[in-house]
Each structure stands twice: as C-alpha cells, then as structure tokens.
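Trainee: Could you take one part of this model and go through it closely, and then set it against the chain around it? I would like the reasoning spelled out wherever a cut-off is involved.

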Amino acid sequence: MSETLTPASNDDLDKGADDLIAQCLDLYSPRSFFLFAGAGSGKTGSLVRALKTVQARYGQELRFSDRRVAVITYTNKARDEIERRLEFDPIIQVSTIHSFAWQLIGGLDRDIREWLRRNLGEEIVKHQADEAKGKPGTKASADRLVKIASKTRRLERLDEVRHFTYSPSGENRGRAALSHAEVLKIATEFLHKPAMQHILIGEHPILLIDESQDTNGPLLDALFAVQAAHRDVFALGLFGDMMQRIYSDGRPGLGQDLPKDWATPKKQLNHRCPKRVITLLNKIRGAVDGQVQTPRSTAAEGLVRMFVLPVETPDKSAAEQAIAARMAEVTKAAGWREASGSKRLILEHKMAARRLGFLEVFAPLYAVDSFKTGLREGSLPALRFFTHEVAPLVRAQGTGDRFAVARLLRDASPLLSAGKDGEVVDMPAILEDVRQALAGLLALFDGEADPTLLDVVRNIAGTELLSIPEILQPSALRNAAVQADPDDADGSDDRTAAIDGFLKAPFSQIARYDEYVSGRAAFDTHQGVKGLEFPRVMVIMDDNEAGGFMFTYEKLFGIKGPPNEATQRLFYVTCSRAEESLALVAYSSDPETVYRNVIESGWFEANEVELVHPSAMA
C-alpha cells in the first residue's frame, strides 16, 4: 500500500522578517526599517504582530509617559480593522494620512494663520500678474478675478479666525476651514522645523506607515528628515511594495538607496493565491524588479485562463457573461455563473465611468492630475457638494421627507445660519426664503427633466440655499455671456476648464458616480480593491474603452511597443486578488498576435489561452 506524503509546512518561512521588525521596535535602541511585502504576503498581519510586540514590551511604560505608537494607514476601513485587532488600545494611534497631518498641526492657529497669510498672498500676486498679462473681458480674466476676490476676502478675514478647523472626510468650507491639500502642505513644511520634530518624537517614538508606496511623497520626505535627525530616539517603519503603487504623488524609488542603518526585512510567502496565480505574478514582475514569491505548502493548484477578443466585439457584457459561464465549466465552480459570485476588475476608473454611465462627470476632472485622487476617492469638494448636499436634498424634498430636508439645511444652508450669533432676525421671512429657494431648485427637475450641474449650481448660487465650494465659484458666478479666449489663459486654467466641462454633465450622472465610488456598483478597479481578495476574479482589459494613456494592455501584450511599468503594476495588482481562479479578458485590435505573444512569453500555456470570436457569443 502506497503512502501519501504530506509536503513539509513552510508556514514559518517569513518568521525571520517579523523577528527583525520586533528587534527594530526597541524604545531604547530603535532602528528604522522598510518591509518589502508583495501581494498576499500578510503585510497587515506583520503590522499587527509588530504592534502587539510593542504592547507587550512597552505598553505600561507608554501609558505612564503619555506616549503612543502612531500608525498611518491608507483607508478608514483599514484603520478600523487594525484597531479592532488590537482591541482599541489607546497607546496605538491609527489614522489616515490626512488625520495624522491634522493631529500634528491642529491647534497651532497662529502658525497656521501666518502660513496661510503668506500662501494666500503669493497666490493672489500670481493671479494678479496673470491678469495684468491677459485680456480683460475674457473667460480666463473672469475666472482670475473671482479667484482674486475670493482669496483676498479670505486673507482680509484671517485675523477674525480664532481656531482653524478641518475634517478629513468633510467638506471643509467656511473661513475657518482648511482644505485637504493645505493640511498636507502645512504639516510637511512644519515637520522640517526642529520644534515640530520634537513634538512628533516626544509623542510618538515609533511611527509605522502602511501602504507606504502610496503615501504623499513630500510628507514622507519630511518624515525621513525627522528620522535622520533623531535616529537614536525615533523609529520609522515602512510597509509596502512599489509594484503595488497606484497613485503618482508617492515617493519615487521608495525602498531604494535607504540609509545604511535601516533594516530591510522581506516577506516571501503569498498566503492568498493558488500556485498557478503565483507563478503568473512572478513572471509579471520579473522584468520589473525580480522579486519572487513562494506559495504556501498547502496552497491549491488554482486555474488561470486568458480570453482574447476583437476590440470591436459588439456586446461586451454578453461576451463577459459567456466567459464567466466558460469559467464555471472549466473550474466546476458554480459561483462563476452568479452575478455576485465573482469580482470583475477593470482597467481604470474612466472605463467604469463609460460602462456605468457617468463619463461626462468623470472625464473632464480626470484630465487634471491634482483632481485625480479626490475624484477616485469621492472626496473632491466639487463632487461632494453634489453627492453629499445637493442630491440628498433634492431626493428628500422630492419624496416629502421634511425631517431629512430640515437636517440637511440646518447643517449646510447659509440662510439658516442667520441668528446663530445672537443677532435679531426675521425667522418667518428666512423660512419663506428657504421655501422659495427649494421650490426653485425642484422646478429644475419638473417633468423628469435632467438639468446640467451648471444649471443646478447657478440656481443655488442665486438663492444662497447652500454654500458653493470655492472651486465651483468661478464657473457658478461667471457671467454666462463671457466666452473663452484661447490667447488668454494662465497656468491654473486647466482646473477651471475641467470644472466647466464637468458642470456640463447631466445631474442624473451624480447618482451613478456615487454608487460606483461607494463600492456598490458591478465593477471595481485596482484602486478600489486595494488589499482585498476574492475567490474568483475576472480582469477586463480594453484600452479602447478605457481611453487612457497611463495604462495600455496592447503594449503589455506586445501590440504597440514595449510595456510601461504602470501597466505591469496594474496587471500585477488585479491578478493578485484571486484566491482560487482567475479569468483574463483582453479586447485587442490584433487578437491573433496577442494570442501568440502571451504564449511565447511563457506567461501562459497554449491550453490556457482562448481566441474568442464575436459569433461565438451569440
């Protein structure tokens, strides 16, 4: 009788990395480190184990000295998960990057005021110089004048602000509020000052940063400077993988050329993916950095299939449904046939916007680099004004939900702010103004009309029912008769032009955008599933539909020149979400060449790639 051999467990393969991190987190002899942790390597587990080590060794000491370990993580969801696993221990302060920055500078009102005074002055001077060089009466001139007036008013009223305010997830409007960008810039500049450095290390002798490859580059540089100046009393620990970098404002080359006294632990195991997917991942990143992962000894074999279709396939949704059915057949997993049984990942947000019907809202804003992060996260003030104030108000008023209307207006309407400081007001007259303003707003939607966002924002600006975000004011307050002059534009006009384009979109697209950015839509992108995993994953690649320039799968598969690293990173991230099986759907202008190239590259075996013709989808 033959004996079945069980492979030796390799569960402890990465124990050395966790042990090295534990050695670094010594309050009396700290050592900074960068942990390389590829997809599925259990990076969050290492982070939590490191924090538990600090709890066990120094918990009582940190409590008595009123100090805490700071952890910067990527999302509120990740923050909540880490806090839960650490049983909400107050000596561990977990926050997003914006929350961390505000915790540093909040309350430093005099210093913030002087920073704003200088910054606003510089911006006003720049706009005035552009105005002096430009043509009066043009659209660009009108926009500049609105900006100059707005910033001048803010500058003149700075001394009236006693305490500055900020909410990492809020609107941040009003004369006392700071914007997201301002908070990061102020914290970064202040961290280069010795006084702020001593405040930081006095409160936080250890700072750990999750997803460090996507942490704001200038702020990360400032933290490197803090560590270099105080390495004997301060440990900076970075957890990340440049192959999983998504956003462009991170620090280039992170993990390279580190100071010689830094530790560089590395995790080799991939705990998430089956063997076949890990083999593919190693090939994808092999040409980029040569990093290799190892499957767990108990990992399943797994299955990968690639389907190549013509880019002109008429009904792509039907094609993808047929491919899902094919995957159910070859994997014997019924989940592939169910709408919620697999996760469909697409190239980028613009492709989702096209498929889900909010392209006119999305595309103009996505053309501006400084808008991209807020647009992807749903935090861009221009959008949140519509998703979190206007749309809920229109919905509540339309359904007769008087309590919701009252709550929304109480929180956001400047009309109802009158009298809050003790002045005598004619409240019946104010309520009548509110009633008429609401009626005027709802009239835009009579007979199932779908007004443009510009119609809506100009209506609201005229009644002052809600406060218009500064970024929308040039478009909302500009005389509609003023036309653009291509010979009169300044360096910041791309932002205003993007807002103008965005405001041409129909209001109905706001709900579709909000559903997508909130994670309730049928599709998701590599950004939206960061850190997540799913049993069955379908990656949909269509350069023509995405219409982008940063990512191109045609190049990745040898159709239009050499691949760029951004596309390889994206491909790596999407493929690495799969726990059991992976379907890759590539729409191409030359399907036969893609078919040959992916087999010749060694990424796939011949039986793993299928050429699919549109007629087969009927």
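Mentor: What follows is a close look at helix α9, with its surroundings and the whole chain taken up afterwards.

Please keep in mind throughout that this is a predicted model. Helix α9 runs over residues 217-229, and its 13 residues should span 18 Å at 1.5 Å a residue; the C-alpha atoms at its two ends are 19 Å apart, which agrees with that expectation. The buried residues in α9 are Gly-217, Leu-219, Leu-220, Ala-222, Leu-223, Phe-224, Val-226 and Gln-227. What covers these buried residues includes three helices, namely α4 (97-105), α7 (180-191) and α8 (194-203), together with the strands β4 (206-209) and β5 (235-240).

The loop between β4 and α9 holds Glu-211, whose backbone deserves attention. Most residues other than glycine have a negative phi. Glu-211, however, has a positive phi of about 50° although it is not a glycine. Its relative accessibility is 11%, and because buried means under 20%, Glu-211 counts as buried.

A useful counterpart is Glu-87, which is found in the loop between α3 (76-85) and β3 (92-96). Glu-87 is likewise not a glycine, and its phi is positive, near 60°. Its relative accessible area is 69%, and since exposed means over 50%, Glu-87 is exposed.

Beyond β5, which is among the elements covering α9, the loop between β5 and β6 (266-267) contains Gly-255. With 29% relative accessibility, Gly-255 falls between the two cut-offs and so counts as partly exposed. Gly-255 and Glu-329 are 74 residues apart along the chain, and their C-alpha atoms are separated by 43 Å.

Another pair gives a second distance to check in the coordinates. Lys-139 has its place in helix α6 (residues 139-156), and with a relative accessible area of 11% it is buried. The C-alpha atoms of Lys-139 and Glu-182 are separated by 27 Å, the two residues being 43 apart along the chain.

Helix α10 (residues 275-286) can be read in the manner used for α9: it has 12 residues and reaches 16 Å from its first C-alpha to its last, close to the 16 Å expected at 1.5 Å a residue. Its buried residues are Arg-276, Val-277, Ile-278, Leu-280, Leu-281, Asn-282, Ile-284 and Arg-285. The cover over the buried residues of α10 includes the strands β1 (33-37), β7 (269-270), β8 (294-295), β9 (303-310) and β13 (578-588), as well as helix α24 (565-575).

These parts belong to a chain with 25 helices and 14 strands. The radius of gyration of that chain is 27 Å, close to the 25 Å that the globule rule gives for 618 residues, so the chain is as compact as a globular protein of that length. Along its principal axes the C-alpha trace spans about 95 × 70 × 50 Å. Buried residues make up 52% of the 618 residues, and of the contacts between residues at least 6 apart in sequence, 76% join residues at least 24 apart. The accessible surface comes to about 27,900 Å², with 51% of it belonging to carbon and sulfur atoms. As for charge, the chain has 76 positive and 87 negative side chains, and the centres of the two sets lie 2 Å apart.

Note on methods:
Residues are numbered from 1 along each chain as its sequence is written. This is a predicted model: local features need pLDDT of at least 70, side-chain atom pairs count only at pLDDT 80 or more; totals for chains, interfaces and linings use all residues. Side-chain values use heavy atoms; hydrogens and water are left out. Helices (H or I, at least four residues) and strands (E, at least two) are DSSP runs, numbered from the N terminus. The radius of gyration is taken over C-alpha atoms; the globule rule is 2.2 Å times the number of residues to the power 0.38. Buried means under 20% relative accessible area, exposed over 50%, partly exposed in between (1.4 Å probe, protein chains only). Contact means heavy atoms within 4.5 Å. Accessible areas come from the Shrake-Rupley method with a 1.4 Å probe; for residues, only the protein chains shown count as cover. Lys and Arg count as positive and Asp and Glu as negative; His and the chain ends are not counted. The place of a charge is taken as NZ of Lys, CZ of Arg, CG of Asp or CD of Glu. The expected span of a helix is 1.5 Å times one less than its number of residues.
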